[in-house]
Every structure is written in structure tokens, then in C-alpha cells.
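Q: Please take a close look at the very start of the chain, and then set that part against the protein as a whole.

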Amino acid sequence: MSIADLLPTLKKLSRADKLKVMQFLVQEMATEEEILSLQSGETYHVWSPYNSHKAAQKLATLLESDKQTSDA
């Protein structure tokens, strides 16, 4: 099936179905290019600054030194 055959059929799809087609195509392209690194259903650990007191102190120090530089 050629793209010329597909386009009229795609135009007739509902908005939701068009989005599904787009998602499918993007996922297919990513898989082909081995870009898709996150897998559905997997758990990934992400670092968060929540309760990171050292990060908050460092930021406060940097902001204070920037403020002093700006005021000078």
C-alpha cells in the first residue's frame, strides 16, 4: 500500500484514531532507530531535590553571593 492510498483513509479517521496512528508511527520510528529507551511497565528511579537540605543550602548560598555581587 502506498502513501497515496493511505492518506484518504487517514483523513477519514476520528481525531482520537489519528492520535493513535501518530503515536504508533512515532513509537515504530523510535524502535527502529533504537532511541526508545524507556519501556512500558518498567520502574525507573528519578532523583528529586525533595528533602535535600544540602541542595537547598547550596542554592541559598549561591543566591546570597549573587545578591551581594549585584548590590555592589
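A: The account below begins at the N terminus and then widens to the whole chain.

This is a predicted model, in which local features need pLDDT of at least 70 and side-chain atom pairs count only at pLDDT 80 or more, while totals for chains, interfaces and linings use all residues. Residues are numbered from 1 along each chain as its sequence is written, and side-chain values use heavy atoms, with hydrogens and water left out.

Methionine 1 sits in the segment before helix H1 (3–12), where helices are DSSP runs of H or I with at least four residues and strands are runs of E with at least two, numbered from the N terminus. Methionine 1 counts as exposed because its relative accessibility is 83%; exposed means over 50% relative accessible area, buried under 20% and partly exposed in between, with a 1.4 Å probe and protein chains only. Together with Ile3, Leu6 and Leu7, Met1 forms a nonpolar surface patch of about 440 Å² of accessible area. Such a patch joins nonpolar side chains (Val, Leu, Ile, Met, Phe, Trp, Tyr) within 5 Å, from residues with over 30% relative accessible area and no salt bridge, that is, no side-chain nitrogen of Lys or Arg within 4 Å of a carboxyl oxygen of Asp or Glu.

As for the whole protein, there are three helices and zero strands, and buried residues make up 1% of the 72 residues. Along its principal axes, the C-alpha trace spans about 70 × 35 × 25 Å.

Conventions: Patches are made of residues with over 30% relative accessible area and no salt bridge: like charges are joined within 9 Å, nonpolar side chains (Val, Leu, Ile, Met, Phe, Trp, Tyr) within 5 Å. Accessible areas come from the Shrake-Rupley method with a 1.4 Å probe; for residues, only the protein chains shown count as cover.
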